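Work through the exercises below with the sequence and the model side by side. Try each task yourself before you read its solution.

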Amino acid sequence: MELPFAESYRIKMVEPLRKSTREEREQWIKNARYNLFNLKSDQVFIDLLTDSGTGAMSDKQWSALMLGDESYAGARSYYNMKDAMRDILGFDYFLPAHQGRAAENVLYSTIVKEGDVLPGNSHFDTTKGHIEFRRALAPDCTIDEASDTQLELPFKGNMDPRKLDDVLKKYPKEKIPAVVLTVTNNTAGGQPVSMANIREVSALCKKYGVLLQIDSARFAENAYFIKTREAGYENKTIKEIVREMFSYADIMTMSAKKDAIVNMGGFVAFKSEELWRKCQMFCIMNEGYITYGGMSGRDMNALAQGLDEGTEFDYLETRIGQVAYLGKKLDEYSIPYQRPAGGHAIFVDATKVLPCVPKEEFIAQTLGVELYLEAGIRGVEIGAILADRDPVTRENRYPKLELLRLAIPRRTYTNNHIDVIAAALKNVYDRRESIKRGYVITCEFPIMRHFTVELEKA
Ligand SMILES: *Cc1c(COP(=O)(O)O)cnc(C)c1O
């Protein structure tokens, strides 16, 4: 008999979770104005709001914390991080930042000016925000197939080289400070980018003389997909694949809260010493001195250790296997989600799960509230509330897809928790005909309303 799959670690420390009753949850979510962000974490049983900074550090990471050197300049921890940058990622120069968006801020403050163009494959929202805030453009060159939720493609996060070529042709290279390739493609559902695509994008960048920035939050998960799905990589180690991926990049920005498995941290890394020097000013102004940026010594130590663990095959197999396991459970219950299962999350197709709720009453948000009421599980709406209003007409924008994202934290929950998530969704799905009404907004901010929006039953 083939041995079943088991986690590649055992548990040394636990954090108790409290179950609640449906009556309690009804009161709590009402008090939270039906916005899942407003819940106290103690009111949540399984928290799938994000996989960012919510992972469990290892014993080695916790001991690395104790060895942190908090010297203002030239700390040992900085040099530990520098070694990891060179040995694991292949970058000689870097600046630490307190998280990914801060790294973007340091980089874009230096290289982006008004009227510039930074094409990419579904820019992450803070990345796009930093570009558009500087009155530059962020054209999306993702392959068209990415928006078909039911299409099974191995590398659904890819950049479309023809779309990219069109953009690169259209503008002079002085207007293109970088091409932004995001791995995995978060916005498209944690879908990977193939090595062939990275190579092709890099060749186009070289042809037009522009820099390639890899937005790398989930680079290790991407490498796992390359190893398991792309011909020619099956016998390479994750670390070899990672080195090849970054061999094509000029710049990497990183939210270490994802694949470096720390609770806080990030960095921007460079191949060019000159660009590194140019970016130092904004690092010092906004983050901190260049050998700590926005991080404490202990956190840099944990990050360096996390980069090493996060690029080990056994860990990634457990991690991505768990997301795939949730996908398989949903298949058993015929619950539709964005296919194939991504690296860090499952995106449930809310319109298909709740067919009776009108879009004006926020279908994915309604599903999020129902799942919370059912079992105390917190996901996050990726739908009309997030899409916000049209900046000119102020009308609600209704995106093509209403999704409930269930992001799986790293090394945090067991497959028993995954079984609870799937069963709870099935229960909601089974009573879908009885869920006819959603929610209406009673209070919202003019931008980024999803964090603070207040709702009531329609
Ligand atoms: C999370 C993320 C960021 C931003 O990082 P923070 O650490 O949240 O500031 C940027 N890009 C991608 C692809 C991300 O997933």
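The exercises that follow go from the whole chain to single residues.

This is a predicted model, in which local features need pLDDT of at least 70 and side-chain atom pairs count only at pLDDT 80 or more, while totals for chains, interfaces and linings use all residues. Residues are numbered from 1 along each chain as its sequence is written, and side-chain values use heavy atoms, with hydrogens and water left out.

**Exercise 1. The whole chain**

Task: Describe the chain by its helices and strands, and decide how compact the chain is for its length.

Solution: Begin with the count, which gives 16 helices and 12 strands (DSSP runs numbered from the N terminus, with H or I over at least four residues for helices and E over at least two for strands). Next, take the radius of gyration, which is 22 Å and close to the 23 Å that the globule rule gives for 458 residues, so the chain is as compact as a globular protein of that length. Here the radius is taken over C-alpha atoms, and the rule is 2.2 Å times the number of residues to the power 0.38. Finally, turn to burial: 56% of the 458 residues count as buried, where buried means under 20% relative accessible area, exposed means over 50%, and partly exposed lies in between (1.4 Å probe, protein chains only).

**Exercise 2. Two helices that meet**

Task: Find how the axes of α8 and α12 are placed relative to each other, and sort the residues of their contact.

Solution: First locate helix α8 at residues 219-229 and helix α12 at residues 313-332, whose axes come within 10 Å and cross at roughly 90°. That makes α8 roughly perpendicular to α12, a label for angles of 65 to 115 degrees, whereas angles under 35 count as roughly parallel, over 145 as roughly antiparallel and the rest as oblique. The axes are lines fitted to C-alpha atoms, for helices over the stretch in contact, and the angles run from 0 to 180 degrees between N-to-C directions. Then list the partners: in α8, Ala 220, Glu 221, Tyr 224, Phe 225, Lys 227 and Thr 228 meet Phe 313, Leu 316, Glu 317, Arg 319 and Ile 320 of α12 (contact means heavy atoms within 4.5 Å). The residues of this contact divide into 6 nonpolar, 1 polar and 4 charged. In this sorting, Ala, Val, Leu, Ile, Met, Phe, Trp, Tyr, Cys and Pro count as nonpolar, Asp, Glu, Lys and Arg as charged, and the others, Gly among them, as polar.

**Exercise 3. Unusual backbone angles**

Task: Examine the phi angles of Arg 33 and Ile 261, and then the peptide bond between Val 183 and Thr 184.

Solution: Keep in mind that most residues other than glycine have a negative phi, and most peptide bonds are trans. Arg 33, in the loop between α1 and β1, has a positive phi of about 55° and counts as partly exposed at 42% relative accessibility. Ile 261, in the loop between β5 and β6, has a positive phi of about 50°, but this residue is buried, with a relative accessible area of 2%. The bond that joins Val 183 and Thr 184 is cis, with omega about -20°, and Thr 184 lies in the loop between β3 and α7. The peptide bond from Arg 339 to Pro 340 is also cis, with omega near -15°.

**Exercise 4. A glycine in a loop**

Task: Is Gly 293 buried or exposed, and which residues does Gly 293 touch?

Solution: Start from the position of Gly 293, in the loop between α10 and α11. At 0% relative accessibility, Gly 293 counts as buried. Not counting residues up to four places away in sequence, Gly 293 touches Pro 96, Cys 283, Glu 287 and Gly 288.
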